[in-house]
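Student: I've got a new structure to look at, and I'd like to know what's behind the labels people put on it. Can you go through some with me?

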Amino acid sequence: MRKNLLLSLFFTCSLFTFQSCADYNDDNTMPSGNNNGGGSSGNGSGNNNGGGNNTNNANLPIKIKTSGYTIDLKYDNNDRFIEVIRKESNGSFNLKVNLNYSSDTLKSIVALYYNDMSKNTTNFNYKNDTIYAVRSYEGATTKITDKLSVNKQGMLLNIKGHYKTNDRYFNNDSSGNIILFNNNGHEGILTYDSYNGVFSNVKLPFWVKAYVTAYYIHPSLNYNYANNVVSINYNSNNWTDEKFLYTFNKDNYPIQVSHTSSVGTAHFEINYTK
């Protein structure tokens with residue numbers, strides 16, 4: 001579990017976590033009490049064919065490198081996430097995630113954390129435009145339920161967290177970018193570029209991209225599922241504004257990302273399918 005402000009399931013830069021996203025640790029620990037867990041452009045190849053992927057489409061991110069970790073992404077033939085594998089710098093496994101679908105619907109996510117061999121499963125239950133994300137922990141009776149409300153386009157409108165501190169609501173632009181969030185009166189304003197988002201070719205609803213990216217890929221990249229976030233400005237002295245810089249490939253997808261927040265600057269290198 002993150003030891004600083006990254007204790008919440010949904011918030012700020014990651015939707016699911018407290019600021020700042022540059023501090024990247026595991027959120028697999030079972031909660032107790034009230035804790036739960038402007039771009040510069042350029043050209044570059046940044047593309048690799050994805051081993052084990054069933055997609056034939058270009059510019060799907062398949063490998064993300066950042067300090068201490070490499071994240072490998074696999075897709076089905078519908079260009080949906082089916083597996084996320086996170087490895088440490090020495091090559092050892094840190095996390096393996098499998099996503100399970102029924103027809104066009106995400107039904108569950110199973111995550112195995114290798115550091116302590118803990119396992120949790122999140123089941124998704126649907127009622128009209130409301131999704132109930134129910135997370136259970138192997139060997140425990142504790143369950144954490146978050147209620148997500150979305151619009152007809154799959155954009156997040158609000159989250160009612162298992163704990164009230166996680167409640168928030170969102171405003172989206174017509175492209176699906178979250179441009180405002182409010183968490184119990186703490187407000188963030190987000191601005192975006194006009195380039196292709198890192199995950200814009202992933203064929204999943206916006207809320208699913210946000211959930212998977214925040215929990216299992218990296219929260220610094222969580223807002224990059226339509227275009228790419230350039231800045232997050234907070235109407236609160238409790239949080240420090242955040243900035244993002246990008247380098248793009250010839251198709252205008254980010255191949256390098258720098259994210260500056262209160263804890264420093266995180267760097268990412270992204271490879272895509274060709």
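Student: What makes α1 count as mostly covered?

Tutor: Keep in mind that this is a predicted model. In α1, 12 of its 12 residues are buried. Among them are Phe206, Trp207, Lys209, Tyr211, Tyr215 and Ile217.

Student: Why is Phe206 called buried?

Tutor: Phe206 has a relative accessible area of 17%. Buried means under 20%, so Phe206 with its 17% gets the label.

Student: What makes Phe206 and Tyr225 an aromatic pair, and why is the pair called tilted?

Tutor: By the ring rule, the count comes to 14 aromatic pairs. Phe206 and Tyr225 form one that is 6.1 Å centre to centre, with 50° between the planes. Ring centres must lie within 6.5 Å, and stacked is under 30 degrees while edge-to-face is over 60, so 6.1 Å makes a pair and 50° makes it tilted. The pair also links distant parts of the chain: Phe206 sits in helix α1, Tyr225 in the loop between α1 and β13, and they are 19 residues apart. Tyr225 is buried too, at 3% relative accessible area.

Student: How do you know that Tyr234 and Trp239 are tilted?

Tutor: Their planes are 45° apart and their centres 6.3 Å. That angle is neither under 30 nor over 60 degrees, so tilted is the word. Tyr234 is buried at 9%, and Trp239 is buried at 10%.

Student: Which residues do ring pairs link into a cluster?

Tutor: Phe124, Tyr126, Trp207, Tyr211, Tyr215 and Tyr216. Tyr215 has another partner: the charged end of Arg135 sits over its ring, 4.1 Å from the centre.

Student: What about Tyr101: which residue lies over its face?

Tutor: Arg80 does, at 4.0 Å from the ring centre. The distance cut-off is 6 Å, so 4.0 Å meets that part of the rule.

Student: Where is the largest pocket lined, and by what?

Tutor: The largest pocket has a volume of about 220 Å³. Of its 17 lining residues, the closest to the centre are Tyr126, Ile131, Val150, Pro205 and Trp207. The elements giving two or more residues to the lining are β5, β7 and α1.

Student: How do you know that Asn224 has a polar contact with Tyr246?

Tutor: Their side chains are joined at 3.0 Å. The limit is 3.5 Å, so 3.0 Å passes on distance. Asn224 lies in the loop between α1 and β13. Its relative accessible area is 0%, so Asn224 is buried. Beyond its neighbours up to four places away in sequence, Asn224 touches Gly197, Val198, Phe199, Ser200, Val229 and Tyr246.

Student: Why is Asn128 called exposed?

Tutor: Asn128 has a relative accessible area of 73%. Exposed means over 50%, so 73% qualifies. Asn128 is in the loop between β6 and β7, and its phi is near 55°, a positive value in a residue other than glycine.

Student: What makes a positive phi worth a remark?

Tutor: Most residues other than glycine have a negative phi.

Student: And why is Asn252 called partly exposed?

Tutor: Asn252 comes out at 34%. That falls between the 20% and 50% cut-offs, so partly exposed fits. Asn252 lies in the loop between β14 and β15, and its phi, near 70°, is positive.

Notes
Residues are numbered from 1 along each chain as its sequence is written. This is a predicted model: local features need pLDDT of at least 70, side-chain atom pairs count only at pLDDT 80 or more; totals for chains, interfaces and linings use all residues. Side-chain values use heavy atoms; hydrogens and water are left out. Helices (H or I, at least four residues) and strands (E, at least two) are DSSP runs, numbered from the N terminus. Buried means under 20% relative accessible area, exposed over 50%, partly exposed in between (1.4 Å probe, protein chains only). A polar contact is a pair of N or O atoms within 3.5 Å; within protein, one must be able to donate a hydrogen and the other to accept it, and residues adjacent in sequence count only if both atoms are side-chain atoms. Contact means heavy atoms within 4.5 Å. Rings of Phe, Tyr and Trp (its six-membered ring) pair if their centres lie within 6.5 Å; planes under 30 degrees apart count as stacked, over 60 as edge-to-face and the rest as tilted. A charge sits over a ring if NZ of Lys or CZ of Arg is within 6 Å of the ring centre and within 35 degrees of the ring normal. On a 1 Å grid over the protein atoms alone, a cavity is a set of points where a 1.4 Å probe fits but cannot get out, and a pocket is an open set with protein on both sides within 12 Å along at least five of seven lines; lining residues have an atom within 4 Å of a point. Grid points are joined across faces, edges and corners, and a volume is the space filled by probe spheres set on the points.
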